[in-house]
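Work through the exercises below with the sequence and the coordinates open. Each task is followed by a solution in steps.

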Amino acid sequence: MLMNHDRRREKGFTLVETIISLVIIAVVATMLFTYSASKANTGSPTAIQWSQSANNIHAIMERITADYQGYPRWKPNTAYILGSRVTPIRRDGYFYQPKTACTSGTAEPSTWDHTTPISESSDVGTGCTWRPTAGTPANPNPIMPLVELRERIAGGMANVSGEGQTVYYNNDPSTGMQYTILNNRYIDPNVSWDTASATATGFLKVTIQTSGNERLTSIFTGEL
């Protein structure tokens, strides 16, 4: 009886041995797959170029956004030092500076009418007194209007969108990368977010694309 039992064991693996073999095979397969994927990602020129291209287009859009935003929006109950610069919550085309170091009030100046800069105006409550210029009210400090941003995106060309063309931002090679303009158009969101408006509006839709076909879209709002 004992000899027969031993012969049966010699004919195949036990259940435990089978499970252990499967686990070993799975571990080895996972290691090989991970190694292969790593080599494909780190060794492929295409993957490296795609990563660089994606980083570059983000850098260009950040440059465009920073140029247009200019200065931060006014905030309530905020400490400002002398020399700080802010724009109204609703852009009016100018930036303002506090007359002295101060803490802003509960609401921005009611005299900011978002049409023309005011010589001096104070926040609602005990806040700051703001000047639109360090000189005279006749020479206020302007920030970039939407029409100028559109021209810079079009490679410095005035009165054109530049759509379909490959350019440097503001025709400046030091920005580091050319891009193709897919959209650089005024839009009316009440009508469509995709169709160009026949006239300049308070919204500019911008889509740019790299040579690697990575693309970004942003909507910029103008003075209202």
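The exercises go from the overall fold to strand pairing, aromatic pairs, the disulfide and salt bridges.

The model is predicted: local features need pLDDT of at least 70, side-chain atom pairs count only at pLDDT 80 or more, and totals for chains, interfaces and linings use all residues. Residues are numbered from 1 along each chain as its sequence is written, and side-chain values use heavy atoms, with hydrogens and water left out.

**Exercise 1. Describe the secondary structure and the burial of the protein chain.**

Step 1. Assign the elements as DSSP runs, numbered from the N terminus: helices are H or I with at least four residues, strands are E with at least two. The protein chain then has 4 helices and 9 strands.

Step 2. Write the elements in sequence order: α-α-α-β-β-β-β-β-α-β-β-β-β.

Step 3. Apply the burial classes (buried under 20% relative accessible area, exposed over 50%, partly exposed in between; 1.4 Å probe, protein chains only). Of the 224 residues in the protein chain, 30% are buried.

Step 4. Take contacts as heavy atoms within 4.5 Å. Among contacts with a separation of 6 or more, 43% are between residues 24 or more positions apart.

**Exercise 2. Find the strand order of the open sheet of 3 strands, and state which strands stand at its edges.**

Step 1. Count two strands as paired if DSSP finds at least two bridges between them. The order is β2-β5-β4, with antiparallel pairing.

Step 2. The edges are β2 (97-98) and β4 (121-122); each has a single partner strand, so one side of each is left without a neighbour in the sheet.

Step 3. Check one pairing: β4 and β5 (residues 129-131) are antiparallel and share 2 bridges. Across this pairing, Ser121 is opposite Trp130.

**Exercise 3. Trace the partners of β8 (203-209).**

Step 1. On one pairing, β7 and β8 run antiparallel with 6 bridges, and Thr180 is opposite Gln209.

Step 2. On another, β8 and β9 (residues 215-221) run antiparallel with 7 bridges, and Leu204 faces Phe220.

Step 3. Inspect the hairpin of β8 and β9: there are 5 residues between the strands, and Asn213 has a positive phi near 75 degrees.

Step 4. Check cover: 6 of the 7 residues of β8 are buried. Phe203 is partly exposed, at 22% relative accessibility.

**Exercise 4. Classify the aromatic pairs of Tyr80 with Trp130 and of Trp193 with Phe203.**

Step 1. Pair rings of Phe, Tyr and Trp (its six-membered ring) if their centres lie within 6.5 Å; planes under 30 degrees apart are stacked, over 60 edge-to-face, the rest tilted. This gives 4 aromatic pairs in the structure.

Step 2. Tyr80 and Trp130 are 5.3 Å apart centre to centre with 80 degrees between the planes, which is edge-to-face. Tyr80 is in strand β1 (residues 79-80) and Trp130 in strand β5, so the pair ties together parts 50 residues apart in sequence. Both Tyr80 and Trp130 are buried.

Step 3. Trp193 and Phe203 are also edge-to-face, at 6.1 Å and 80 degrees. Trp193 lies in the loop between β7 and β8, 10 residues from Phe203, and is partly exposed at 45% relative accessibility.

**Exercise 5. Locate the disulfide and give its handedness.**

Step 1. Search for cysteine sulfur atoms within 2.5 Å of each other. The whole structure yields 1 disulfide, between Cys102 and Cys128, with S to S at 2.0 Å.

Step 2. The angle about the S-S bond is 115 degrees, and the link is right-handed.

Step 3. Cys102 lies in strand β3 (residues 102-103) and Cys128 in the loop between β4 and β5, so the link ties together parts 26 residues apart in sequence.

Step 4. Cys102 is buried at 15% relative accessibility, and Cys128 is buried at 0%.

**Exercise 6. Place the salt bridges of Asp67, Arg152 and Asp194.**

Step 1. Require a side-chain nitrogen of Lys or Arg within 4 Å of a carboxyl oxygen of Asp or Glu. The search finds 5 salt bridges.

Step 2. Asp67 meets Arg63 at 3.5 Å, N to O; these residues are 4 apart in helix α3 (residues 45-69), about one helical turn.

Step 3. Arg152 meets Glu148 at 3.1 Å, again 4 residues apart, in helix α4 (residues 146-153). Arg63, Asp67, Glu148 and Arg152 are linked in a network of salt bridges.

Step 4. Asp194 meets Lys205 at 2.5 Å, N to O. Asp194 is exposed at 52%, whereas Lys205 is buried at 11%.
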